[in-house]
Amino acid sequence: MSVRRLADEQPPSFEFTPENRAWAEQEVAKYPPGRQASAVLALLWRAQKQNGYWLPRPAIEKVATMLDMPNIRVLEIATFYTMFNLAPVGRHYVQVCGTTPCMLSGSDAIKALCRKRIGEEGHVSGDGMFSWSEVECLGACCNAPMVQINDDYYEDLTPESFSRLLDDLANGRPVKTGSQIGRVSSEPVGGLTALTTLYGVDGRDGPSAAPAPANDQALAPLDEAAAHAHAEAEAAHIAATLATLPAGATPEQKADAVGARPPALEGPRGSPDDLQRIKGVGPVNEQRLHELGVFHFDQIAGWGRSEIRWVGTYLSFPGRVDREQWVAQAASLATGGRSKDGQTHTHLPAGKIET
Ligand code: FES
């Protein structure tokens, strides 16, 4: 590691703003008596942010006093971690990731642009607007090359888009954070290559924008990731419907708006099944299912899309029945399959029980 020293010029003093002091006191209070030093990174980070993204000596000493630590110990920490800047930086502090994935994707060109437009690494531009550093992986490798500017990530950069970004920041224009080519999260550059047919759409807008399955459409068996995506789409679909209801709608009115109440039994046929063997069903939900006239695995195994939506909404967790695949679990249990941990249920149809 290179030697890191405090800046030659230091302000005479440092005080947290009242708001930051209150925040700092809350942080310190998270730790048991005698362990207040555990808050040192958080307080240094807050001090740096308050001070235009660099740490002067008085701020380091202030944190040491607040935490009852020797100055040298806090100084060691501030000089060890490169996330702490020990000298002034530009108003827009650009951290360019130069680690292998970003380097292979063009970070050298981004660094060259920094040198051309801002100056050498560590130099603050004449107007005080910019400075830059090369840093190690910032954890957004999928969207390489990328930079962090103050608190935000800018990803999928090209020299052209990065240059535009600097222009916009310099001129106070609004900028777009995240992917600069419109990617959602870290999906493939050319759009989704998996889960593209789950909802019969091309998937470019992601599962949450896809239409949910038609009413009573039997579900295909899903692996965990697909079940999760499916549940997300369901939750979004149901939320959109519930948003049209008047405020104060009852759980039953909400459930009726999205699905159909499942057929109920007057009482169990003999002994009720142990519904808690379904992963996701605990004593409370079992009791509520009983109140709905649901006592047996084969009842749940027989739910179609409409009933799944009704029950999930009525129990106030739309999407969860899908995410935990209650129907598939119940189908397995109804035919003697194993329980709670879902070891066998994923191999059975999730819509109707097979006889
Ligand atoms: S390599 Fe650049 S973010 Fe990971």
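**Exercise 1. Work out how strand β1 is paired and how covered it is.**

Solution. Start with one neighbour: β1 and β3 run antiparallel and share 3 bridges, where two strands count as paired if DSSP finds at least two bridges between them. Strands here are DSSP runs of E with at least two residues, helices are runs of H or I with at least four residues, and both are numbered from the N terminus. Before going on, note that this is a predicted model, in which local features need pLDDT of at least 70 and side-chain atom pairs count only at pLDDT 80 or more, while totals for chains, interfaces and linings use all residues. Residues are numbered from 1 along each chain as its sequence is written, and side-chain values use heavy atoms, with hydrogens and water left out.

Next, find a residue pair: Gln 95 sits opposite Gln 148 of β3. Now turn to the other partner, β2, which pairs with β1 in the parallel sense through 6 bridges. There, Tyr 93 has Ser 131 as its bridge partner.

Finally, check the cover. In β1, 6 of its 6 residues are buried, meaning under 20% relative accessible area, with exposed over 50% and partly exposed in between (1.4 Å probe, protein chains only). His 92, Val 94 and Val 96 point one way, Tyr 93, Gln 95 and Cys 97 point the other way, and all are buried.

**Exercise 2. Place β1 in its sheet and find the edges.**

Solution. First, write the order: the open sheet has 5 strands, β2-β1-β3-β4-β5, with mixed pairing. Then read off the edges: β2 (130-135) and β5 (178-179) each have a single partner strand, so one side of each is left without a neighbour in the sheet.

Move along to β3 (residues 147-149), which runs antiparallel to β4 (residues 152-155) and is joined to that strand by 3 bridges. Gln 148 has Tyr 153 as its bridge partner in β4.

Last, add the helix: α6 (residues 107-117) lies across β1 (92-97), β2 and β3, at about 150 degrees to β1. Axes are lines fitted to C-alpha atoms, for helices over the stretch in contact, and angles run from 0 to 180 degrees between N-to-C directions; contact means heavy atoms within 4.5 Å.

**Exercise 3. Describe the largest nonpolar core and the part α14 plays in it.**

Solution. Begin with the term: a nonpolar core is a set of buried Ala, Val, Leu, Ile, Met, Phe, Trp, Tyr and Cys residues joined through side-chain atoms within 4.5 Å. The largest one has 23 residues, and Ile 278, Leu 289, Ile 300, Trp 303 and Trp 326 have the most contacts inside it. Two or more residues come from each of α11 (297-301), α12 (305-314) and α14 (326-334), and α14 gives the largest share, 5 residues.

Now look at α14 itself: 8 of its 9 residues are buried, including Trp 326, Val 327 and Leu 333. These buried residues pack against α10 (283-291), α11, α12 and α13 (320-323). After the helix comes Gly 336, with a positive phi near 90 degrees.

**Exercise 4. Find what surrounds Ala 231.**

Solution. Locate Ala 231 in helix α8 (residues 224-242), then note that Ala 231 is buried at 0% relative accessible area. Setting aside neighbours within four places in sequence, Ala 231 is in contact with Gly 319, Asp 322 and Arg 323. The C-alpha atoms of Ala 231 and Gly 319 are separated by 4.3 Å, although these residues are 88 residues apart along the chain.
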